[in-house]
Amino acid sequence: MILQALYDYYQRKAVDPDSGIAPEGFVWKEIPFVIVINHEGDFISLEDTREGDGKKKRAKKYLLPKSVGRSGSNGWMTSFLLWDHYGYVLGHARSEGEKDQVMAQKQMLSFIKKIQDLPQEIKEDNGVLAVIRFYDQRSYEKVKDSDKWEECSKIIGCNMSFRLDGDSSLIPCNTSVQKYIADQCDENADGVTGLCLITGKRGEIARIHSDTPINKDSKKFVSFQRSSGYDSYGKEQAFNAPISKSAEFAYTTAMNMLLGKDSINKVQVGNTTSIFWSQKEDVFEAIFPSFFGYNKDNPDADVKAVKTLFESAWTGYVNTNSNTRFYILGLSPNSARIAVRFWHTGSIGKCSGNIKQHFDDLEIIRPSHDRGHYSLFWLLSAIAHEKKVDNIPPNLSGQIFEAVITGGTYPATMLQQTIRRIRATQDVTRVQAGILKAYLNRFHRIYSTKEKETITVALDSNNINPGYRLGRLFAVLEKIQEEANPGINATIRDRFYGAASSTPVTVFSQLLKLKNHHLAKLDNEGRKVNFERMLSDIFAGIDASMPAHLAMEDQARFAIGYYHQRQALFTKSSSNNESKN
Amino acid sequence: MEHFNKTFCLEVKGDYACFTRPEMKVERVSYDVITPSSARGIFEAIFWKPAIRWRIRKIEILNPIKWISVRRNEVGQTASDRSEGIFIETARQQRAGLFLRDVAYRLYAELEFIPHPNRTETKRSVPEPLLDTWEKEEFRKDENPGKYYGIFERRARKGQCFNQPYLGCREFSCEFRLIDGHTTETVPISETRDLGFMLYDLDFEKNVKESSPAFFRCCMEQGVINVPAWDSEEVRK
């Protein structure tokens, strides 16, 4: 189903002339340096096609004959047509070593041979003829004298191609060359034929599939190493899964386009790269990545996207009733291969509904200075060591992603990890409190256990859960201490949060004793009474005995109770201030 | 002898299942639903003889399709009777897999009786000198499909099997129950979806040594998949 959906995506893009997807037999490649020659094959200049500044310099893309896989000791025998890296084009070795020097010479010879083996009518093309003359006259030696050569040789394996002086496009982009490549695809070579499992038609079966770039590396999505336990019924390599060459080209091209550098259909969260696409063009595709990733160019993209989603009911910008299918594929590299982490298909309407539900679950009261970032990136960074998303345990990001899209329960590890973070930092942030609330609310909604208590966005004075009450109590005790000792550096939170949230009985008796001393220090009698009333309100809901320890879920409620109460204390005081003014 | 194939129905369920797709069998990804060949394996685990052949005709999906991603250790080698065995420590591989979770199906299969002359020679047939003359003359004259229908029904009802049936991989064993139509049963899920081309089975008929896979377009309609007959045009071999 995955390959079929990718194949369909390619077909959809192929009919659209503006999509810029490569036709069969071709590939879009960045060519940083172009050798300009004249009709006689003389070297004119070396042209730099890159634009932009510094590290962001990007070369111009050209539609070129497709690259082919080459590896092993005989890799040098395979070269691309009229473009390749400098080893093939100029015989420039990557190092001074003798082995590399010999290899580069061999590569160049096979590059020249590839051009000379072209049929006669192609060789009569002006451009191709010029390239043949270029090599006959050994003009390639002059390229290295060019003033731009130094910069070109700095790029490891710099791709190069040719252009006729006066022409605007490259020689491999000439119509006669392009026609030749397209014709070659239609001709059936004498390979193994069989039934293609994507199209269901008979055709020539691909032995090796093309590479797919992922996480700065290039790996194959469908590959079978020989004699490693994957060969079945005497079939080796990709013959294990018969896929015709044209279907193979279609799905890899579609996938590479989705995974490409400038792709908007891609989100990377943790070590999982997710690509997504819809059956038909839809605006949902455009706002989808903002829910998950972190956009460096536009840090507030997620806020805007969420706003769009919530307002969609009125504006109709995102069609929440759409039945168009939406595909999400989570990929992550696993020992030289690409593994599928998750695969989700559903209608756009359902998918956007689930995402909205996620933000509803996550919603929690926040201080006015908090701008409120929502994307999955921020969520993960809130539960990661040192706030680095790389420190997230493997699989967790994928599981959360899946829970958001499918509307299922969040993984239990999300709760545990959050509580571990809270105890380590001895503080509860807005995002962390939101995560805990989302987990508990969703869990109770799906499993509808007896405890029918949903956690509210702001302080809920009717919640009598001991964990929640103790969290509130802790927040009030901390506030009393802060008011008794203005400008204090470390409060009881910094010392006792961990113990108070897990084994309340051990610390609360001491904290309550401490509270009496703090209250005694307060000058304002009214404030004192206020606090006492607040404490007795909270105590009214707690059973006579203090619980000896709190379970994981109750520890989560403790954190939420603490956060809610603290927010309430601060909003109240600010409203008091306003009324005074 | 004139006879009709009898159709049997089994309900199977399990916690996990992996009907590995051929294109993604290294880092395993399962098909969305059970394949006909895997369903055949379940019937054969309960009862099989060279005299019969199972033909899967219908699959009903009783639980919604749920996925789980698991990373586990597998063996990166195939065993051969000529080798001295596999030493697991040197052949271990860590692979990620996308499996199905909480699956339940109702499988309908025809038990096809193969008359004696049409049977393929088994590897362990009785050697010539051991055969009695009367056995040769009278050999299986009393054989009829009803006998096999009876055997299967008895075995399936009692829960007997040659090996525990499983859902795609040996480690995902399943429980099974014979459905005989007297009880009210759960209804299939209400989902209609085109599941694309799916492996039907391997075709050993053309060439035993070099078998080739056969595919069919798998369409789920209201949770029911009608499996085309093996010889029909819909099965692409």
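Start by turning on the surface of chain A: its accessible area is about 27800 Å², with 49% of that belonging to carbon and sulfur atoms. Keep in mind as you go that this is a predicted model.

Now switch to cartoon. You should be able to pick out 21 helices and 14 strands in chain A. The radius of gyration is 32 Å, well over the 25 Å that the globule rule gives for 581 residues, so chain A is more spread out than a compact globule. Draw a box along the principal axes and the C-alpha atoms fill roughly 100 × 55 × 50 Å.

Next, colour by domain. Select 31-187 for domain 1, 266-457 for domain 2 and 459-580 for domain 3, following the domain assignment of chain A. Try a distance between the C-alpha centres of domain 1 and domain 3 of chain A: they lie 73 Å apart.

Colour by burial after that, and 52% of the 581 residues of chain A count as buried. For charge, highlight the 74 positive and 68 negative side chains of chain A; the centres of the two sets are 6 Å apart.

Last stop: zoom in on helix 9 of chain A, residues 245-259, and select Ala250(A) within it. Is Ala250(A) buried or exposed? It counts as buried, because its relative accessibility is 2%, below the 20% cut-off. Show what surrounds this residue: setting aside neighbours within four places in sequence, Ala250(A) is in contact with Tyr7(A), Tyr10(A) and Gln11(A). Then add Lys220(A), 30 residues from Ala250(A) along the chain, and you'll find their C-alpha atoms separated by 14 Å.

Terms used
Residues numbered from 1 in each chain as written. Chains lettered and ligands numbered in written order. Predicted model: local features only at pLDDT ≥ 70, side-chain atom pairs only at ≥ 80, totals over all residues. Heavy atoms only, no water. Helix = DSSP H or I, 4+ residues; strand = E, 2+ residues; numbered from the N terminus. Rg over C-alpha atoms; globule rule 2.2 N^0.38 Å. Buried < 20%, exposed > 50% of the residue type's maximum accessible area, 1.4 Å probe, protein only. Areas by Shrake-Rupley, 256 points an atom, 1.4 Å probe, with all protein chains shown as cover. Lys, Arg positive; Asp, Glu negative; His and termini not counted. Charge placed at Lys NZ, Arg CZ, Asp CG, Glu CD. Domains from an automatic or database assignment. Contact = heavy atoms within 4.5 Å.
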